[in-house]
Amino acid sequence: MPGTFIYNSKDKTGNTGLYLHSGDKLSMNTSIIEDWKDLWIPSSLHGFNFPFKLFFPARWKDEKYYCLCGFIGDEKERNYFKIGLGVENFDVTKSGLLYIFVNDYNANWAYRNNKGVVKLDITIN
């Protein structure tokens, strides 16, 4: 059911529990509830340029560190999309559960130092 989802940046893979169908149009509005930081580095939901990305590559290598992102279905397929400050009429091309994540180094310890909570208002057309 579309609605509100609260995502904590310490959660490596935020399962929204929302099942999307191919052909759906997904929209999300975001608002920060708690300061958005990677350890001590402040960020927006669009992320920041991390100077050591070569040594600590982000989960989604083509997107900025600490950007709010999502994927539908199996993460192994790497069908990531940027959420940032929000998404408008995103074309869902594959059915599956909607997951939210912050683009950080893909290790459990890297997510433990994250700070920030965001509210996502989700609608499907």
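Modeller: A salt bridge is a side-chain nitrogen of Lys or Arg within 4 Å of a carboxyl oxygen of Asp or Glu. The model under discussion is predicted.

Colleague: What makes aspartate 104 a residue with no salt bridge?

Modeller: The nearest side chain of opposite charge, arginine 59, is 8.5 Å away. A salt bridge requires N and O within 4 Å, so aspartate 104 has none, although it is buried.

Colleague: Where does aspartate 104 lie, and which residues does it touch?

Modeller: Aspartate 104 lies in the loop between strand S8 (96-102) and helix H1 (108-112). Not counting residues up to four places away in sequence, its contacts include Asp38, Arg59, Tyr65, Tyr66 and Asn114.

Colleague: How do you know that arginine 59 and glutamate 75 meet in a salt bridge?

Modeller: Their N to O distance is 2.7 Å. The cut-off is 4 Å, and therefore the pair qualifies. The pair links distant parts of the chain, 16 residues apart: arginine 59 is in the loop between S4 and S5, and glutamate 75 is in the loop between S5 and strand S6 (81-82).

Colleague: Why is arginine 59 called buried?

Modeller: Its relative accessibility is 3%. Buried means under 20%, so arginine 59 counts as buried.

Colleague: What makes glutamate 77 and lysine 94 a salt bridge?

Modeller: The closest N and O atoms are 3.6 Å apart, which is within 4 Å, so the pair counts. Glutamate 77 has a relative accessible area of 48% and lysine 94 has a relative accessibility of 24%. Partly exposed lies between 20% and 50%, and therefore glutamate 77 is partly exposed, as is lysine 94.

Colleague: How do you know that aspartate 121 and lysine 119 meet in a salt bridge?

Modeller: The N to O distance is 3.9 Å. That value is within the 4 Å limit, so this pair also counts. By this rule the count comes to four salt bridges.

Colleague: Why is cysteine 67 too far from cysteine 69 for a bond?

Modeller: The sulfur of cysteine 67 is 4.0 Å from that of cysteine 69, its closest cysteine sulfur. A disulfide needs sulfur atoms within 2.5 Å, so no bond is assigned. Cysteine 69 is likewise in no disulfide, and the count comes to zero disulfides. Cysteine 67 is buried at 0% relative accessibility, and cysteine 69 is buried with a relative accessible area of 0%.

Colleague: Why is phenylalanine 56 called partly exposed?

Modeller: Its relative accessibility is 35%. The value falls between 20% and 50%, so phenylalanine 56 counts as partly exposed. Phe56 belongs to a nonpolar surface patch with Phe52, Leu54, Phe55 and Trp109, which together have about 620 Å² of accessible area.

How values were computed: Residues are numbered from 1 along each chain as its sequence is written. This is a predicted model: local features need pLDDT of at least 70, side-chain atom pairs count only at pLDDT 80 or more; totals for chains, interfaces and linings use all residues. Side-chain values use heavy atoms; hydrogens and water are left out. Helices (H or I, at least four residues) and strands (E, at least two) are DSSP runs, numbered from the N terminus. Buried means under 20% relative accessible area, exposed over 50%, partly exposed in between (1.4 Å probe, protein chains only). Lys and Arg count as positive and Asp and Glu as negative; His and the chain ends are not counted. Contact means heavy atoms within 4.5 Å. Patches are made of residues with over 30% relative accessible area and no salt bridge: like charges are joined within 9 Å, nonpolar side chains (Val, Leu, Ile, Met, Phe, Trp, Tyr) within 5 Å. Accessible areas come from the Shrake-Rupley method with a 1.4 Å probe; for residues, only the protein chains shown count as cover.
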